[in-house]
Amino acid sequence: MNSQETIVAPITASGQAGVAVIRTSGSLTRDILKRLTDSAAEIIENPRELKLARVLDSGATLDRALVVYFPGPGSFTGEDCAEFHLHGSPYLRARLLELLSENGARLAGPGEFTERAFHNGKIDLAQAEAVADLIASETDAQARAAESQLSGQLSGAIADLGEPLRNLLAEIEAHIDFPDEDIDPESWSGWKTRIDSVKAQVNQYLASYSRGKLVREGARVTLLGLPNAGKSSLLNRVLGEERVIVTPVAGTTRDSVEARISIHGVPVSIFDTAGLENEQRKAGEIEKLGVEKSWQAASEADLNLFVYDSSQGEPDKELISKLKNNSAPTILVANKEDLKSDSEVENSELKTISVSALTGSGIESLLKEIAETLSISNKPSSGEILITSIRHFTCLETSSTRLDSAREGCSSQVPAELVAADIRSALSSLDEIIGVTENEDILGRIFSKFCVGK
Ligand SMILES: Nc1nc2c(ncn2[C@@H]2O[C@H](COP(=O)(O)OP(=O)(O)OP(=O)(O)O)[C@@H](O)[C@H]2O)c(=O)[nH]1
Ligand SMILES: [Mg+2]
């Protein structure tokens with residue numbers, strides 16, 4: 001990728017719209033403004049202000065557009081940038097892209113604007129990743145986590161972890177320079193304490209990943225049970241719309257169906273599945289394929305809800321014990337409580353919630369139980385660091401292992417060089433999070449997931 005080239009891309013979604021925005025970044029930006037607009041001087045002399053201009057196509061007016069110039073290095077990418085806010089016609093957009101390429105710009109690759117911002121030191125790697133997360137966010141918790149990372153909160157926290165380690169390293173290295181002097185026991189124990197305090201903080205960030213992962217990736221909840229238990233009715237009730245077919249005929253749902261809701265900002269995919277079979281009720285040939293998919297969905301879930309018709313007695317024990325073989329927790333949902341004379345639920349070692357998909361009673365308690373089981377009921381306080389990316393988690397984990405080893409080294413008073421090496425390697429894992437040490441492979445993987453235009 002040659003960063004000398006001027007790149008261009010539409011930065012709004014395709015199709016007809018009120019406005020379509022096309023952005024350029026690179027050294028040809030001013031030339032392009034001069035050749036393709038009738039008021040380049042005004043646009044360039046008033047940076048960061050939208051100016052009404054005629055966009056020119058071989059001297060004729062292609063469109064009257066709002067055009068803005070962002071001079072480098074104060075722009076998003078750090079280079080000279082411009083934006084053309086055209087009328088949102090696919091033809092105008094395509095034609096301007098053609099004109100821009102005739103004037104020396106080339107179409108940007110995925111994430112190339114953000115990648116240039118990273119290479120030009122405008123943002124670090126964790127912030128660059130947050131740009132993609134923010135664009136992909138579907139719920140408030142996702143948007144808040146991405147925004148906080150983009151604002152540099154995570155990067156600041158990582159820098160705060162590194163600072164005491166760098167000081168400690170300098171001190172240890174001073175001892176290494178004078179190998180004849182013995183290191184006194186107090187120094188060893190002082191170093192150990194300092195490593196411990198960084199490690200405690202690293203552990204806290206690592207612990208936040210269980211929630212962070214859920215916020216970023218969402219959770220999967222599967223509805224399972226015998227035919228006619230009311231799984232589909234329950235899904236419709238939770239969604240507040242008639243999303244899936246409900247009939248009194250057993251075996252109505254033949255395939256797994258996914259629907260998305262947000263619980264405390266965590267995107268939750270709920271899967272309605274085909275009714276299972278047991279000793280009393282064997283599935284037909286087509287139904288069997290659905291049943292297989294139901295068990296598959298159960299094995300992929302973060303939480304399984306076993307729904308049963310509580311007016312018909314106890315839930316099927318064999319099915320429940322089969323369900324418990326999955327690593328995900330199971331909640332029993334005693335449905336059709338409106339048909340029951342007494343509201344007592346049978347004792348079970350599993351948490352049981354009584355509901356009626358018909359009347360809506362108990363649904364709130366069920367959602368609350370789901371949130372608690374998935375550990376998403378407590379919103380983190382603002383300013384709390386949330387690790388949402390597996391890449392960051394892995395770097396922190398490696399760092400933590402190196403710190404353990406450094407701590408061990410202090411306990412057994414190994415040569416100070418070894419402790420220093422562990423601390424250096426702990427630091428380098430932390431630096432990887434914010435991309436201090438550039439690794440082409442990691443960068444390639446991160447930016448290839450971006451959309452073109454960001
Ligand atoms: N009285 C009452 N009827 C319910 C309740 N929930 C579901 N039903 C009825 O039970 C029947 C079966 O409901 P479904 O939601 O289709 O059941 P399902 O578990 O999805 O069944 P399959 O798709 O066949 O596996 C329908 O006639 C529903 O109207 C409830 O809470 N109370
Ligand atoms: Mg169904």
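**Figure 1. Helix α5 and its surroundings in the predicted model.** In α5, the buried residues are Leu125, Ala126, Gln127, Ala128, Glu129, Ala130, Val131 and Ala132. The structure shown here and in the following views is a predicted model. Helix α5 comprises twelve residues, 125–136. From first to last C-alpha, α5 reaches 17 Å, close to the 16 Å expected at 1.5 Å a residue. The cover over its buried residues includes α4 (112–119), α6 (140–150), α7, α14, α15 and α16 (440–448).

**Figure 2. Helix α8 and the helices that pack against its buried residues.** Helix α8, residues 185–207, has 23 residues. Its first and last C-alpha atoms are 32 Å apart, close to the 33 Å expected at 1.5 Å a residue. Trp191, Ile195, Val198 and Tyr205 are the buried residues of α8. These residues pack against two helices, α7 (153–177) and α14 (390–411).

**Figure 3. Division of the chain into domains.** Domain 1 covers residues 7–123 and domain 3 covers residues 217–373. Domain 2 is made up of two segments, 128–208 and 385–435. Taken over C-alpha atoms, the centres of domain 1 and domain 3 are separated by 52 Å.

**Figure 4. The open sheet β3-β4-β5-β2-β1-β6 and helix α3.** The six strands of this sheet follow the order β3-β4-β5-β2-β1-β6, and their pairing is mixed. The edges are formed by β3 (51–57) and β6 (106–107), each of which pairs on one side only. Strand β1 (residues 7–10) is antiparallel to strand β2 (residues 17–25), with four bridges between them; in this pair, Ala9 has Arg23 of β2 as its bridge partner. Strands β2 and β5 are also paired in the antiparallel sense, over eight bridges, and Ala20 stands opposite Leu86 in β5. Between β4 and β5, which run antiparallel, there are five bridges; here Tyr69 is matched with its bridge partner Ala82 in β5. Helix α3 (residues 90–102) lies across β1, β2, β3, β4 (60–70), β5 (81–88) and β6. The angle at which α3 runs to β2 is about 15°.

**Figure 5. The open sheet β8-β9-β7-β10-β11-β12 and helix α10.** This mixed sheet contains six strands in the order β8-β9-β7-β10-β11-β12. Because β8 (257–263) and β12 (352–354) each have a single partner strand, one side of each is left without a neighbour in the sheet. From one strand to the next, the twist averages 25°. Strand β7 (residues 219–224) runs parallel to strand β9 (residues 266–272), and five bridges link the two. Within this pair, Thr222 has Phe271 of β9 as its bridge partner. Helix α10 (residues 231–239) lies across β7, β8, β9, β10 (303–309) and β11 (330–335). Relative to β9, helix α10 runs at about 155°.

**Figure 6. The largest nonpolar core and the contacts of Val333.** The largest nonpolar core has 110 residues, among which Phe306, Val307, Val333 and Ile423 touch the most other members. Helix α15 (residues 416–434) gives the most to this core, contributing nine residues. In soluble globular proteins, nonpolar side chains tend to be buried together. When neighbours within four places in sequence are left aside, the contacts of Val333 are Leu234, Leu305, Phe306, Val307, Ile353, Val355 and Leu366.

**Figure 7. Backbone geometry in three loops.** Most residues other than glycine have a negative phi, and most peptide bonds are trans. The loop between β4 and β5 contains Pro73, and the peptide bond from Gly72 to Pro73 is cis, with omega near 5°. Ser58, in the loop between β3 and β4, has a positive phi, near 50°. Ser58 has 6 C-beta neighbours inside 10 Å and therefore counts as exposed, the limit for that class being 12 or fewer. Asn228 also has a positive phi, of about 75°, and is found in the loop between β7 and α10. Since 22 C-beta neighbours lie inside 10 Å, Asn228 counts as buried, a class that requires 20 or more.

Methods
Residues numbered from 1 in each chain as written. Chains lettered and ligands numbered in written order. Predicted model: local features only at pLDDT ≥ 70, side-chain atom pairs only at ≥ 80, totals over all residues. Core = buried A, V, L, I, M, F, W, Y, C linked by C-beta atoms within 7 Å. Contact = placed C-beta atoms within 7 Å. Pairing = 2+ DSSP bridges. Axes fitted to C-alpha atoms, helices over the stretch in contact; angles between N-to-C directions. Domains from an automatic or database assignment. Expected span 1.5 Å × (residues − 1).
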